[in-house]
Amino acid sequence: MKKGLITLIILGVLAFVVYQWAVGFNNTAVEFEADAKTAWSNVESAYQRRNDLIGNLVKTVQGAADFERGTLTDVIEARAKATSTTIDANNLSPENMAQFQEAQNGLTGALGKLMVVVERYPELKANQNFLELQSQLEGTENRINVERNRYNEKVNVYDIHTTKFPGKLLAGMFGFGEMARYKADAGSENAPDVNFEFN
């Protein structure tokens, strides 16, 4: 009778310890996942600010006489695509992340072409509104980079927690999977081809 009671107490203590460990793992994983999702929201917010600034920039540039309409159209279309491509924070899969990045890269490329074309328009380069928008855009691009890095840091903390042993055993049971990171743009590992031509 005494032996059975001791065994029961030991089993009860072990069950309690395992339960506490599982609850602790789950609660920490939930917290880390929420931090990563919040960081993703901050990335989207930074991109939204850029999209808003581009809208104002386009209106300013449209006011310039005989501005190249094709370049402006490219920016407008790329902006529309970028704003329509969003990711639900609960579905940050590598595929969705790649689609989001592709849309944002298209807008970045179109905006870069616009800025090159603007160089041919002295009245735009002297326009105070345009200069202010250009400066805000540069600051926003830096902010986007900061927010993407912060997001990746939060995902890293979450992924380490859910993939290290023995937590990995519980992660699948509780439905915690690996989260997608924001990756460098394709080809960014190659040095740019710089060609200085002097006339």
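These are my notebook entries on the helices, cores and one helix contact of a predicted model.

**Setup.** I work with a predicted model, where local features need pLDDT of at least 70, side-chain atom pairs count only at pLDDT 80 or more, and totals for chains, interfaces and linings use all residues. Residues are numbered from 1 along each chain as its sequence is written, and side-chain values use heavy atoms, with hydrogens and water left out.

**Elements.** I counted 6 helices and 0 strands (DSSP runs, H or I of at least four residues for helices, E of at least two for strands, numbered from the N terminus).

**Burial.** Of the 199 residues, 32% are buried (under 20% relative accessible area, 1.4 Å probe, protein chains only).

**Cores.** I looked up the largest nonpolar core (buried Ala, Val, Leu, Ile, Met, Phe, Trp, Tyr and Cys joined through side-chain atoms within 4.5 Å) and found 24 residues. W40, L92, M97, Y151 and Y182 have the most contacts inside it. Two or more residues each come from α1 (2–62), α3 (94–118), α5 (128–163) and α6 (167–174); α1 gives the most, with 9. I then listed what W40 touches (heavy atoms within 4.5 Å): I87, A89, L92, M97, F100, Y151 and Y182, not counting residues up to four places away in sequence. Another core, of 21 residues, lies apart from it and includes I54, L111, V117 and L137.

**α5 and α6.** I found their axes (lines fitted to C-alpha atoms over the stretch in contact, angles from 0 to 180 degrees between N-to-C directions) within 6 Å, crossing at roughly 105 degrees. The pair is therefore roughly perpendicular (65 to 115 degrees). H161, T162 and T163 of α5 meet G167, K168 and A171 of α6.

Terms used: Buried < 20%, exposed > 50% of the residue type's maximum accessible area, 1.4 Å probe, protein only. Parallel < 35°, antiparallel > 145°, perpendicular 65-115°, else oblique.
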